[in-house]
Amino acid sequence: MPLRTSDAELLVKAGALDSIAGGRTRPELLWELLPRRPRGRARARALSSPPAAAPRAPAYDRETVLRHEVETLGFLLSAHPLEPYERAMRGRDVIAARDLDRHAGRRVRILGWHVNSKLVQTKDQEPMEFIAFEDTTAIYDATLFPDAYRRFCHLLTSTRAVSPDRSCGGDFGVCTLTVDKVERL
């Protein structure tokens, strides 16, 4: 099937050709897509000889691979969506979701990726939201009561990471989180 070079570049950057690359790295595959149009006598020789092999090139580093996935697909395919934020959040007192039960009764800060939510109304017809978030260690539930919902609902989306500050309660052996503040990352 005919394929434009620009489309082939997107497929390479997205990793769609990795399984059929025959051991070639993504930079090598992109090199092979470059047009080779020699001129004059060199063109005549080039038409009668096989094209030059692509030079050996190391695979892209993880950061480049993740950036290419977001550029081409709009999301991360080979990593959890919060992975790129973890390094930036070190030293900012962020806890892992798997450790929430150890922080019952305290205010915590945690990374969150929106998984699911349910918007409801209070008996006074004010909106509030129950949200399931996840980090790279676990899924956890949080509640945005009407005041917090009004202030932060515009920051909550399924395509952006957030760092909510929460109070963590431990009723009935389950850590429930009440969101006090949300920061978009």
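This short presentation describes the predicted model of one protein, from its overall fold to its surface, its largest pocket and its salt bridges.

Good morning, colleagues. I begin with the overall architecture. The protein contains 6 helices and 7 strands. Along the sequence, these elements follow the order α-α-α-α-α-β-β-β-β-β-α-β-β. Of its 185 residues, 33% count as buried. The accessible surface comes to about 12100 Å², and carbon and sulfur atoms hold 53% of that area. As for contacts, among those with a separation of 6 or more, 50% are between residues 24 or more positions apart.

Let me turn to the N-terminal helices. In helix 1, which covers residues 5-14, the buried residues include Ala8, Val12 and Ala14. What do the buried residues of helix 1 pack against? Their partners are helix 2, residues 26-33, and helix 4, residues 62-73. Just after helix 1 comes Gly15, which takes a positive phi of about 85°.

Helix 2 has Arg26, Pro27, Glu28, Leu29 and Leu30 as its buried residues. These residues pack against helix 1 and helix 4. Helix 1 and helix 2 thus each place buried residues against helix 4.

One residue of helix 2 deserves a separate remark, namely Glu28. Arg56 forms a salt bridge with Glu28, and the closest N and O atoms are 3.2 Å apart. This pair links distant parts of the chain, with Arg56 in the loop between helix 3 (40-48) and helix 4, Glu28 in helix 2, and their positions 28 residues apart. Are the two partners buried or exposed? Arg56 is exposed, with a relative accessible area of 65%. Glu28, by contrast, is buried, because its relative accessible area is 3%, and the threshold for burial is under 20%.

I now come to the region around helix 4 and helix 5. The largest pocket holds about 520 Å³ of space. It is lined by 18 residues, and the closest to its centre are Leu66, Val70, Leu76, Pro81 and Pro84. Which helix gives the most to this lining? That is helix 4, with 5 residues. Helix 4 and helix 5 each supply at least two residues of the lining.

A nonpolar patch on the surface is formed by Leu73, Phe75 and Leu77, which together have about 290 Å² of accessible area. Leu77 belongs to the loop between helix 4 and helix 5, the latter being residues 83-89. With a relative accessibility of 57%, Leu77 counts as exposed, since the limit for that class is over 50%.

Next, two loop residues from the later part of the chain. Thr122 is located in the loop between strand 3 (112-121) and strand 4 (127-134). Is Thr122 buried or exposed? Thr122 is buried, with a relative accessible area of 18%. Apart from neighbours within four places in sequence, Thr122 is in contact with Met128 and Pro146.

The other loop residue is His154, in the loop between helix 6 (146-152) and strand 6 (161-169). His154 is exposed, at a relative accessible area of 54%. His154 and Arg184 are 30 residues apart in sequence, while their C-alpha atoms are 10.0 Å apart in space.

Finally, the charged pairs. Side chains of opposite charge can pair when their charged atoms come close. How many salt bridges does a search of the whole structure find? The search finds 13. I shall consider two that lie in helix 6.

Asp147 and Arg150 meet through their side chains in a salt bridge, with an N to O distance of 3.9 Å. Because Asp147 and Arg150 are 3 residues apart in helix 6, about one helical turn separates them. Asp147 is partly exposed, with a relative accessible area of 43%, and Arg150 is likewise partly exposed, at 47%.

Asp147 also forms a salt bridge with Arg151, where the closest N and O atoms are 3.6 Å apart. Arg151 and Asp147 both lie in helix 6, 4 residues apart, which is about one turn of the helix. Arg151 is partly exposed, with a relative accessible area of 41%. Salt bridges that share partners join Glu126, Asp147, Arg150 and Arg151 into one network.

To close, I return to two points. The salt bridge of Arg56 and Glu28 links distant parts of the chain, whereas Arg151 and Asp147 lie about one turn apart within helix 6. Thank you for your attention.

Notes:
Residues numbered from 1 in each chain as written. Predicted model: local features only at pLDDT ≥ 70, side-chain atom pairs only at ≥ 80, totals over all residues. Heavy atoms only, no water. Buried < 20%, exposed > 50% of the residue type's maximum accessible area, 1.4 Å probe, protein only. Contact = heavy atoms within 4.5 Å. Areas by Shrake-Rupley, 256 points an atom, 1.4 Å probe, with all protein chains shown as cover. Patch = residues over 30% accessible without salt bridge, like charges linked within 9 Å, V, L, I, M, F, W, Y side chains within 5 Å. Salt bridge = Lys/Arg side-chain N within 4 Å of Asp/Glu carboxyl O. 1 Å grid on protein atoms, 1.4 Å probe; cavity = no way out; pocket = protein on both sides within 12 Å on 5 of 7 lines; lining within 4 Å. Points joined across faces, edges and corners; volume = space filled by probe spheres on them.
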